[in-house]
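Please read the following briefing alongside the sequence and the coordinates. It goes from the overall fold to the charged contacts and then to one residue in its surroundings.

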Amino acid sequence: MTSPPGGGDDSSAAEPQPLVCDRCGTSAGILADGPPLTWTCSVENGARRYFCETCSRENLRSIEGRLDSDWW
């Protein structure tokens, strides 16, 4: 049996990471259950980016137009 790349230690995957808005830096704290329902998740160039409720509301048309956040 082979191990996945980077070793077989999955202990770091179990620890929740702090969630921070990729636009303004607002912190939602460390969440085990995922981002708050009011936050937006966008996949840009294969990477997930999270945006707080305020940034999501201010840029709703750009988000719906599927513009990358660099264009906002």
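**Overview**

The protein has three helices and four strands, where helices (H or I, at least four residues) and strands (E, at least two) are DSSP runs numbered from the N terminus. Along the sequence these elements follow the pattern α-β-β-β-β-α-α. This is a predicted model, in which local features need a pLDDT of at least 70 and side-chain atom pairs count only at pLDDT 80 or more, while totals for chains, interfaces and linings use all residues. Residues are numbered from 1 along each chain as its sequence is written, and side-chain values use heavy atoms, with hydrogens and water left out.

**Confidence**

- The average pLDDT of the protein, that is, the predictor's confidence in each residue on a scale from 0 to 100, is 80, and 79% of the residues score at least 70.
- Confidence is lowest in helix α1 (residues 11-14), with a mean of 54, and highest in helix α2 (residues 53-58), with a mean of 93.
- Where pLDDT is low, the predicted coordinates should not be read in detail.

**Surface and contacts**

- The accessible surface of the protein, from the Shrake-Rupley method with a 1.4 Å probe and with only the protein chains shown counting as cover for residues, comes to about 5,800 Å², of which 48% belongs to carbon and sulfur atoms.
- Of the 72 residues, 19% count as buried, a class that means under 20% relative accessible area, with exposed set at over 50% and partly exposed in between (1.4 Å probe, protein chains only).
- Among the contacts (heavy atoms within 4.5 Å) with a separation of 6 or more, residues 24 or more positions apart account for 29%.

**The β1-β2 hairpin**

- Strand β1 (residues 18-20) and strand β2 (residues 27-30) run antiparallel and are joined by three bridges; two strands pair if DSSP finds at least two bridges between them.
- Six residues lie between β1 and β2 in this hairpin, and Gly25 in the turn has a positive phi of about 90°.

**Salt bridges**

- The structure holds three salt bridges, each defined as a side-chain nitrogen of Lys or Arg within 4 Å of a carboxyl oxygen of Asp or Glu.
- Arg49 forms one of them with Asp22, with the closest N and O atoms 3.9 Å apart; since Arg49 lies in strand β4 (residues 47-51) and Asp22 in the loop between β1 and β2, the pair ties together parts that are 27 residues apart in sequence.
- Arg49 also meets Glu44 in a salt bridge, at 2.9 Å from N to O, and Asp22, Glu44 and Arg49 are thus linked in a network of salt bridges.
- Within this network, Glu44 is buried at a relative accessible area of 6%, whereas Arg49 at 21% and Asp22 at 37% are partly exposed.
- Arg57 forms a salt bridge with Glu53, the closest N and O atoms being 3.2 Å apart, and the two residues, four apart in helix α2, are separated by about one helical turn.
- In that helical pair, Arg57 is exposed at 64% and Glu53 is partly exposed at 31%.

**Leu19 and its surroundings**

- Leu19 lies in strand β1, stands opposite Gly29 in β2, and counts as buried at 11% relative accessibility.
- Not counting residues up to four places away in sequence, Leu19 touches residues including Ala28, Leu31, Pro35, Pro36, Trp39 and Tyr50.
- Leu19 and Gly34 are 15 residues apart in sequence and 8.6 Å apart in space, C-alpha to C-alpha.
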